[in-house]
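The following exercises are to be worked through with the sequence and the structure at hand. Each task is followed by a solution in steps.

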Amino acid sequence: EKAAKKAEKEAKAKAGEEEAAKKASEAAAATKLAAEEEAAKAAKAKKKEDKEAKAKAEKDEKEAQAKVEKEEKAAAKEAEKKVKADAKEAEKKAKADEAAKKKASEDKKKAEAAAAAEKKKAETPVKKAATPKAKPTPAAPAAVVCAAVLKKIQALEKNGSIKAGAIDGGAMGQLAALPEVHGLSVIAKLVEKGPATIQNVSGFLVGIMKRVRMEFDLPDPSAPKPAESSSESESD
């Protein structure tokens, strides 16, 4: 009976051990299954994430490529536009240069024609009408010129302002016909002008005396022109 009880007790203990081992095995299997399911779930999520990342990368790449192509097309269009504008500007400049060249050529031809005409005109002898030589007017006696005016003239000759005889007979005659005050005024204008700068002193005096006679309504003595003036007319 003791042996039977002992055997029964041992059997129960063994059965308990087996039950515990079974439970432990089931728990391990459940843990393994849960781990496998979790791993599968993580793998699935990772696959999905990789797929989404790949799709996003492909999308970004396509967008970047599209942007590059768009920029390249815009740059090509702008370059083409610039080439056309440059060509148009070059054509415009070429036309302007051609017009300027043509005008310069025409101006040159006109200048050459004008020069040729001027040369021909200069080479063509001009026939002058024979001018009768004026007879030299005899010098009026110094006595007819008032003393005050004569003194002024002699002073100019003495200091070298005018040469002796620079005032010819015609001019002396007209001086003699003027009242003393006007005669002195005429000589004063000669001095004021500067005799050294006057080539034809007689002609200068005759002009001054003509204006004086007109201004003061004095009679014209109808004196002949100065000899020097006549000579100049003949030379012309």
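**Exercise 1.** In this predicted model, determine which residues Val 186 is in contact with, leaving aside its neighbours within four places in sequence.

*Solution.* Step 1: Set aside the neighbours of Val 186 within four places in sequence. Step 2: List the residues that remain in contact with Val 186, namely Leu 175, Leu 178, Leu 205, Ile 208, Met 209 and Val 212. Step 3: Place Val 186 in a wider setting: Val 186 is among the residues with the most contacts inside the largest nonpolar core, together with Ile 153, Ile 167, Leu 175 and Val 201. That core has 22 residues. Step 4: Identify the elements that give two or more residues to this core; they are H2, H3, H4 and H5. H5 gives the most, with 6 residues. As general background, nonpolar side chains tend to be buried together in soluble globular proteins.

**Exercise 2.** Describe the secondary structure of the chain and state what share of its residues is buried.

*Solution.* Step 1: Count the elements: there are 6 helices and 0 strands. Step 2: Read along the sequence, which gives the pattern α-α-α-α-α-α. Step 3: Turn to burial: of the 236 residues in the chain, 15% are buried. Step 4: Consider the contacts with a separation of 6 or more; 69% of these join residues 24 or more positions apart.

**Exercise 3.** Characterise how H2 and H4 are arranged and which residues meet.

*Solution.* Step 1: Locate the helices, H2 at residues 147-158 and H4 at residues 180-193. Step 2: Examine the axes, which come within 9 Å and cross at roughly 20°. Step 3: Apply the cut-off, by which angles under 35 degrees count as roughly parallel; H2 and H4 are therefore roughly parallel to each other. Step 4: Assign the handedness: the crossing of H2 and H4 is left-handed. Step 5: Name the residues in the contact. H2 supplies Ala 148, Val 149, Lys 152, Ile 153 and Leu 156, while H4 supplies Glu 180, Gly 183, Leu 184, Ile 187, Leu 190 and Val 191. Step 6: Sort the residues of this contact between H2 and H4 by class: 8 are nonpolar, 1 is polar and 2 are charged.

**Exercise 4.** Carry out the analysis for H3 and H5.

*Solution.* Step 1: H3 spans residues 169-177 and H5 spans residues 201-216. Step 2: Their axes come within 9 Å and cross at roughly 30°. Step 3: H3 and H5 are therefore roughly parallel to each other, and H3 passes H5 in a left-handed crossing. Step 4: On the H3 side the residues are Ala 171, Gln 174 and Leu 175, and they meet Ser 202, Val 206, Met 209 and Arg 213 in H5. Step 5: The contact of H3 with H5 comprises 4 nonpolar, 2 polar and 1 charged residues.

**Exercise 5.** Are the loop residues Asp 217 and Thr 197 buried or exposed?

*Solution.* Step 1: Asp 217 is placed in the loop between H5 and helix H6 (227-235). Step 2: Its relative accessibility is 70%, so Asp 217 counts as exposed. Step 3: Note the backbone of Asp 217, whose phi is near 55°, a positive value in a residue other than glycine. Most residues other than glycine have a negative phi. Step 4: Thr 197 lies in the loop between H4 and H5. With 59% relative accessibility, Thr 197 also counts as exposed. Step 5: Compare sequence and space for Thr 197 and Ser 161, which are 36 residues apart in sequence and 9.8 Å apart in space, C-alpha to C-alpha.

Technical notes: Residues are numbered from 1 along each chain as its sequence is written. This is a predicted model: local features need pLDDT of at least 70, side-chain atom pairs count only at pLDDT 80 or more; totals for chains, interfaces and linings use all residues. Side-chain values use heavy atoms; hydrogens and water are left out. Axes are lines fitted to C-alpha atoms, for helices over the stretch in contact, and angles run from 0 to 180 degrees between N-to-C directions. Helices (H or I, at least four residues) and strands (E, at least two) are DSSP runs, numbered from the N terminus. Angles under 35 degrees count as roughly parallel, over 145 as roughly antiparallel, 65 to 115 as roughly perpendicular and the rest as oblique. A crossing is left-handed if the near helix is turned anticlockwise from the far one by less than a right angle, and right-handed if clockwise. Contact means heavy atoms within 4.5 Å. Ala, Val, Leu, Ile, Met, Phe, Trp, Tyr, Cys and Pro count as nonpolar, Asp, Glu, Lys and Arg as charged, and the others, Gly among them, as polar. A nonpolar core is a set of buried Ala, Val, Leu, Ile, Met, Phe, Trp, Tyr and Cys residues joined through side-chain atoms within 4.5 Å. Buried means under 20% relative accessible area, exposed over 50%, partly exposed in between (1.4 Å probe, protein chains only).
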